[in-house]
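Subject: Structure for you to look at

Hello,

Here is the structure I said I would pass on. Please open it first, then read my notes beside it.

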Amino acid sequence: MCVIAYIPKGTQTLPTEIVRAMFKANPHGCGLVTPTDHYKGMSLNSILRHLKKRDISQPCLMHFRLATHGSIKRANCHPFYDEKSQTWFMHNGILDIIPKGDMTDSETAFREILAPQIQAHSLDSDDLRYAVHCIIGGSKFAFMQGEKVRLCGHYEQWFGCLFSNLRFRFWLY
């Protein structure tokens, strides 16, 4: 299962060994987004280079993928972006929806259900909260719009950050 890490603004970037453990546990791609930078791809070294440039006065979301739907390729890595609402999206879990083509269940849900709600209402709207409630199940979602971050589902705190799960810690030892 994937992992999402949320590094709040003002919080130091995670140590390399933690990022490496998240990648080892979820080796099918990775990505990050801040208000001024984004990356998605297949390389641990590339995401580490982006993290080194991170301005700690900005929030950061990171995602490490363990593929369940959609092929293993850069296009299926998170985050996904909706230009109309200027919103980034990440997902951890499995959704009870049928993915379109070679898209992931995450991208399908974002493009077909969540992004239209954000476009029509807002990231803070009751309409989006209801749409999330209807599809999230035991999953976790993360949205970023400018500096605004919205997390949905249960996250665990560790190293001053929030994680969608801590299963990757096995790879630290």
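What share of the 173 residues in the protein is buried? Buried residues make up 49% of them. Please keep in mind that this is a predicted model.

Overall shape

The C-alpha atoms fill a box of roughly 40 × 35 × 25 Å along the principal axes. A compact globule with 173 residues would have a radius of gyration near 16 Å, and the protein agrees with that because its own value is 15 Å. The accessible surface is about 8300 Å², and carbon and sulfur atoms account for 51% of it. Of the contacts between residues at least 6 apart in sequence, 67% join residues at least 24 apart.

The secondary structure consists of four helices and 10 strands. Along the sequence they follow the pattern β-α-β-β-α-β-β-β-α-α-β-β-β-β.

The six-stranded sheet

Six strands form an open sheet in the order E3-E2-E4-E1-E10-E9, and the pairing is antiparallel. Why do E3 and E9 each have one side without a neighbour in the sheet? Strand E3 (37-41) and strand E9 (156-158) stand at the edges with a single partner strand each, so one side of each is left free of a neighbour. From one strand to the next, the twist averages 20°.

For one pair in detail, take strand E1 (residues 3-7) and strand E10 (residues 161-163), which are joined in the antiparallel sense over two bridges. Ala5 has Phe163 in E10 as its bridge partner. As background, strands of a sheet pair through backbone hydrogen bonds, either parallel or antiparallel.

The helix across the sheet

Helix H1 (residues 16-25) lies across E1, strand E2 (30-34), strand E4 (60-64), E9 and E10, and runs at about 40° to E4. Which residues of H1 are buried? They are Ile18, Val19, Ala21, Met22 and Phe23. Their cover includes E1, E2, helix H2 (44-52), E4, E9 and E10.

The cores

The largest nonpolar core has 23 residues, and Leu14, Val19, Met22, Met62 and Phe64 touch the most other members. At least two residues of this core come from each of E1, H1, E2, H2, E4 and E10. H1 gives the most, with five residues. A second, separate core has 17 residues, among them Ile118, Leu123, Ala131 and Cys152.

Leu14 is worth selecting in the viewer. Leaving out residues up to four places away in sequence, Leu14 touches Ala5, Ile7, Val19, Met22, Met62, Phe159, Cys161 and Phe163. Ala5 and Phe163 are the bridge partners from E1 and E10 mentioned above.

A hairpin and a loop residue

Strand E7 (residues 140-145) and strand E8 (residues 148-152) pair in the antiparallel sense over five bridges. Ala142 in this pair stands opposite Leu151 in E8. The two strands form a hairpin with two residues between them, and Gly146 in the turn has a positive phi of about 65°.

The last item is Thr104, in the loop between strand E6 (87-92) and helix H3 (105-120). Is Thr104 buried or exposed? Its relative accessibility is 2%, and the cut-off for buried is under 20%, so Thr104 counts as buried. Not counting residues up to four places away in sequence, Thr104 touches Arg65, His69, Asn76, Phe80 and Pro99.

Regards

How values were computed:
Residues are numbered from 1 along each chain as its sequence is written. This is a predicted model: local features need pLDDT of at least 70, side-chain atom pairs count only at pLDDT 80 or more; totals for chains, interfaces and linings use all residues. Side-chain values use heavy atoms; hydrogens and water are left out. Two strands pair if DSSP finds at least two bridges between them. Axes are lines fitted to C-alpha atoms, for helices over the stretch in contact, and angles run from 0 to 180 degrees between N-to-C directions. Contact means heavy atoms within 4.5 Å. The radius of gyration is taken over C-alpha atoms; the globule rule is 2.2 Å times the number of residues to the power 0.38. Buried means under 20% relative accessible area, exposed over 50%, partly exposed in between (1.4 Å probe, protein chains only). Accessible areas come from the Shrake-Rupley method with a 1.4 Å probe; for residues, only the protein chains shown count as cover. A nonpolar core is a set of buried Ala, Val, Leu, Ile, Met, Phe, Trp, Tyr and Cys residues joined through side-chain atoms within 4.5 Å.
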